[in-house]
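Work through these short exercises with the model open beside you. Each task is followed by a stepwise solution.

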Amino acid sequence: MLRPQASKLVNSVRATVLARHAAVPSCPQSTQAAPAEVAPAKAKHFLIQRSNKEDLAAIRAAWPKPDFSIKALKDLLDHDNIEMRDKFRDFLKQDLYKPRYNLTLEEERELALKRLQAICDAGFISVLDFVNNPLKIFAAHELAVIDPAMGTKMTVQFNLFGGTVLKLGTERHHYLLPGIDSMKDVGCFGLTELGYGNNAVEMETTATYDPTTDELIVNTPNPLAQKYWITNGACHAKHIVVFAQLWVKGKNEGIHGVLVRCRGDELEPVTGVTVEDMGHKMGLNGVDNAKLTFDNVRVPRENLLNKYSDITPEGEFVTTIKKGGRARFLAMADQLLSGRICIASGCIIASKVCLSIAVRYAATRLTVGPTGKSDTPILVYQLQQRALMPLMARIVATNIGLDYVKDRWAFQKEDGSEHQEVVTMCCAIKPLASWLLEETVSICRERCGGQGYLSCNRFGTFLGLAHAAMTAEGDNSVLMQKVAKEHLGFLAKNPPKLNKPSSTSLDDPAYLHYLLQARKVNLFTSLGKKMALAGKAGTYDSWMFEESDLIQHCGKSFGEEIMADRFALTLETCDKDLKPILTKVFNLYLATIIEKNLGWFVISGLLQPSDVDIIKAHSAELCAQLGPQSLAICESFGITDTMLSAPIALDWVGYNSYDNQGELMSEKEWDETVRNA
């Protein structure tokens, strides 16, 4: 019971709030219940009030209609292969792709394989897409990662294994390509070793040429050299591309890829190959990870992937990569670049799913409003908007930035003149996309309260993906070191030029964009001076022991500037009807990045202490403007109800009206439509 003073305060606050809010026109009301009355005074804040006796779909429908074309925005964000994407979305509506949670490890793995097999049978992805339609590879990942375990197996089968056989192999290896597409020949990618992750160039697995038998002998000399975290290896793979130090005539010719059978045609063991299941993980347990060791396994000389290097029938080593060492390793591991784009693509859809779930729930979850009754969706409140709208802006910006990186990778000049720049962008986009997913999952889960903690509402699934993505195909922070190093070298040869806009207003996106550009120049200039001061002898110590924070900030500034630059160009080319809403999203993206780094901007002198409150207020106002449009923006992500699956994004009241056991289907329904189908 409230004390008298508190009761007076509550009544006073309610009266004030009622006087400051006005009802906002929305779509026709549901016939199930009449909305609560609102005193129409000054229209300062958006407010919508409903009854919790209404159907949830009716509450969502009562939100304002968008002032832009949802389809046009969807097509812009889809970027390519739009017809294929739409067909893929329809395909994913079948019961096979409905999530199931209370499964054994074996069941999870078989389900991931069964789902991927169905996608392959339907022809939504082919390893030959790398030749015929490279963007289709990434498009498939942007939808398949609705099940992260299935999407991970897809990445390894078609990008890491299939792409390597296609690109590093030649005709003598391409007999495998039809089997890769059909999943008859499941494969894996043997790069990482227990003792050699980020420094894989020092791996210890060997492939030694034996001229007496014209064979390669693949060997794991010690436990540190075992191939580790090998996706598809524990259960389903018949083949593995083993990366090893190639020895010919007593000379180490550097790292090369060799095709090795790790199971027979009936998945029976292969002599000399030891496969050990890595067991249960914190997430993505549909992925069968393994440790593999090789005890002097002999394979034909022709199993060497020989696009760049070969051993002649006479036993001579020949190569087109004359530098040797690290240069040969980079050529061998080039498929990691497209792999990073695949991971970023998967992180984008996962971020969209998590945000869509949180926004849809917030639009229908009613809480105490100005009347004191539970009649106001939590999405109208600043607490929810300030948490979710900046994520939405960053997701759209990252989507646009990723589309640019995909294009640059897919259509780079054949002479290799753009390759290093593409490498740097690939190394930046994967960390930024996966860090964004981790942040999106955590914030959205918290803002959905206890409902967000249920497995069926999906945040746990995507948290597992986020943490896998932050480590797979290059540790995020280590990749950022490479980004900083490569771009520092680029700027040394191409000094940047900044054009400060005439306006210095903090609500002018042109000025905010300039601030992001100035940040990158400032940071890299500082890093360059520190490295010059350290000199050649001190560069290693300075880089590895003294300037880690600056290096990480440089890498992030590079990636975030790319997103800002591409977003600005998108505003110049998009449909005119999309420009108003996208301008707000762009503005919020810029303000969000600045707000997250306010301390640095003030210390650097690019902003004054008095600017802090201004930028915060600007960001808050943009969140308030975008909140009423957020349902429509999330709809433009093209995530169908079946793909969302989370009850809180659909009918969470109906879901809780029966004993659901935390699942979307009963055991009987699951058996009939999936397990025994």
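**Exercise 1.** Which residues line the second largest cavity?

*Solution.* The structure is a predicted model, where local features need pLDDT of at least 70, side-chain atom pairs count only at pLDDT 80 or more, and totals for chains, interfaces and linings use all residues. Residues are numbered from 1 along each chain as its sequence is written, and side-chain values use heavy atoms, with hydrogens and water left out.

Step 1. Fix the term: on a 1 Å grid over the protein atoms alone, a cavity is a set of points where a 1.4 Å probe fits but cannot get out, and lining residues have an atom within 4 Å of a point.

Step 2. Read off the lining: Val-405, Met-425, Ala-428, Ile-429, Leu-432, Gly-559, Ile-562 and Met-563.

Step 3. Assign helices (DSSP runs of H or I, at least four residues, numbered from the N terminus). α13 (419-447) and α17 (548-573) each supply at least two lining residues. α13 gives the most, with 4 residues.

Step 4. Sort by character: 7 are nonpolar, 1 is polar and none is charged. Gly counts as polar in this scheme.

Step 5. Add the volume, the space filled by probe spheres set on the points. For this cavity the volume is about 40 Å³.

**Exercise 2.** Describe the lining of the largest cavity.

*Solution.* Step 1. The volume is about 60 Å³.

Step 2. Among the lining residues are Asp-78, Arg-85, Glu-142, Lys-352 and Phe-637.

Step 3. α4 (82-91), α7 (134-144) and α11 (335-364) each supply at least two residues. α11 provides the largest share, 3 residues.

Step 4. The lining divides into 5 nonpolar, no polar and 5 charged residues.

**Exercise 3.** Is Ser-645 buried or exposed?

*Solution.* Step 1. Buried means under 20% relative accessible area, exposed over 50%, and partly exposed in between (1.4 Å probe, protein chains only).

Step 2. Ser-645 has 7% relative accessibility, so Ser-645 is buried.

Step 3. Locate the residue: Ser-645 sits in the loop between α22 (641-644) and α23 (652-655).

Step 4. List contacts (heavy atoms within 4.5 Å). Not counting residues up to four places away in sequence, Ser-645 touches Pro-99, Cys-456, Arg-458, Leu-650 and Leu-664.

Step 5. Check the side chain: a polar atom there lies 2.5 Å from the backbone oxygen of Thr-642.

**Exercise 4.** Place Leu-491 in its surroundings.

*Solution.* Step 1. Leu-491 belongs to helix α15 (residues 476-493).

Step 2. Leu-491 counts as buried because its relative accessibility is 12%.

Step 3. Beyond neighbours within four places in sequence, Leu-491 contacts Pro-496 and Phe-524.

Definitions and conventions: A polar contact is a pair of N or O atoms within 3.5 Å; within protein, one must be able to donate a hydrogen and the other to accept it, and residues adjacent in sequence count only if both atoms are side-chain atoms. On a 1 Å grid over the protein atoms alone, a cavity is a set of points where a 1.4 Å probe fits but cannot get out, and a pocket is an open set with protein on both sides within 12 Å along at least five of seven lines; lining residues have an atom within 4 Å of a point.
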